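This report describes the fold, the surface and selected side-chain pairs of one protein chain. The sequence and the structure are shown first.

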Amino acid sequence: MIKKHLDLIVVAILVLSLVMYDVTMDLFFSLLHFIFELCHMAYEWLELGIEHTVEHLFHTSRHGSQIVTFYILLLLAVMVIHWLWRVLPGFYQGAKQFALLAWKRRKTEMELYWLSLTLSNKVMLVVTALSVAYLASFFVM
C-alpha cells in the first residue's frame, strides 16, 4: 500500500513543506545539526579507537600514533569517496527513472479520471480546487 502511493506521499510532504516553510526549515536544520553531532561523535570515537589501538599494538608514542591514525583516516576517507564516486551515478539514474515512471503513471491516472467525470462533476472539482487554493492563501501570506 505505501509503496504503491509513495510518490503521492512525497508530493504531499513537498506541498506541506512549501506551505509551512518556516517549520520545515526549522525541522530540517535541527535534523541536520543532530546528524552532524552524531557524525562528529562517531568520528571522534573511531579516531580515538584507532589511536589507542595503534599505540598499544606498536608501542608508539602519542605523537607517532596520532600520525599513523591520520594516515589511516585519510585512507578510509579516500576509500569512502571512491565508493561514492562509483555508487552515486547509479543511484541518480534509479531516482530519475522512478520519478519519470511515477510522473507518467499519475498523469495517466489523472487524465483517465478527468475523462470519466461528467460536466457537473468537472465544474465541482475545479470550484473545490480553487476554493481550497484561495483558503490556503490566507495561511501562506
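## Contact order and model status

The coordinates belong to a predicted model. Of the contacts in the protein chain between residues at least 6 apart in sequence, 39% join residues that are at least 24 apart.

## Secondary structure and overall dimensions

The protein chain contains four helices and zero strands. Its pattern along the sequence therefore reads α-α-α-α. The radius of gyration of the protein chain is 26 Å, whereas the globule rule gives 14 Å for 141 residues; the chain is therefore more spread out than a compact globule. Taken along the principal axes, the box filled by the C-alpha atoms is roughly 85 × 35 × 25 Å.

Three of the helices can be placed by residue number. Helix α1 covers residues 6-19, while helix α2 covers residues 21-58 and helix α3 covers residues 62-116.

## Surface and charge

Buried residues account for 7% of the 141 residues in the protein chain. The area exposed by the protein chain is about 12,500 Å², and carbon and sulfur atoms supply 78% of that area.

The protein chain carries 10 positive and 10 negative side chains. The centres of these two sets lie 22 Å apart.

## The salt bridge between E51 and R62

How many salt bridges does the structure hold? There are two salt bridges in the structure. In one of them, the side chains of E51 and R62 meet with an N to O distance of 3.0 Å. E51 lies in helix α2 and R62 in helix α3, so this pair ties together parts that are 11 residues apart in sequence.

Is E51 buried or exposed? With a relative accessible area of 4%, E51 is buried, because the cut-off for that class is under 20%. R62, at 47% relative accessibility, counts as partly exposed. When residues up to four places away in sequence are not counted, E51 touches R62, S65, Q66 and T69. The salt-bridge partner R62 is thus listed among the contacts of E51.

## The salt bridge between R106 and E109

The other pair consists of R106 and E109, whose closest N and O atoms are 2.8 Å apart. R106 and E109 are three residues apart in helix α3, so about one helical turn separates them.

R106 counts as buried at 14% relative accessibility, whereas E109 counts as partly exposed at 36%. Which residues are in contact with R106 once its neighbours within four places in sequence are left aside? They are K4, H5, D7 and L8. Of these residues, D7 and L8 fall within helix α1, because that helix runs over residues 6-19.

## L16 and T118

L16 has its place in helix α1. At 49% relative accessibility, L16 counts as partly exposed, because the exposed class requires a value over 50%.

L16 and T118 are 102 residues apart along the chain. What distance separates the C-alpha atoms of L16 and T118? These two C-alpha atoms are separated by 30 Å.

Key: Residues numbered from 1 in each chain as written. Predicted model: local features only at pLDDT ≥ 70, side-chain atom pairs only at ≥ 80, totals over all residues. Heavy atoms only, no water. Helix = DSSP H or I, 4+ residues; strand = E, 2+ residues; numbered from the N terminus. Rg over C-alpha atoms; globule rule 2.2 N^0.38 Å. Buried < 20%, exposed > 50% of the residue type's maximum accessible area, 1.4 Å probe, protein only. Contact = heavy atoms within 4.5 Å. Areas by Shrake-Rupley, 256 points an atom, 1.4 Å probe, with all protein chains shown as cover. Lys, Arg positive; Asp, Glu negative; His and termini not counted. Charge placed at Lys NZ, Arg CZ, Asp CG, Glu CD. Salt bridge = Lys/Arg side-chain N within 4 Å of Asp/Glu carboxyl O.
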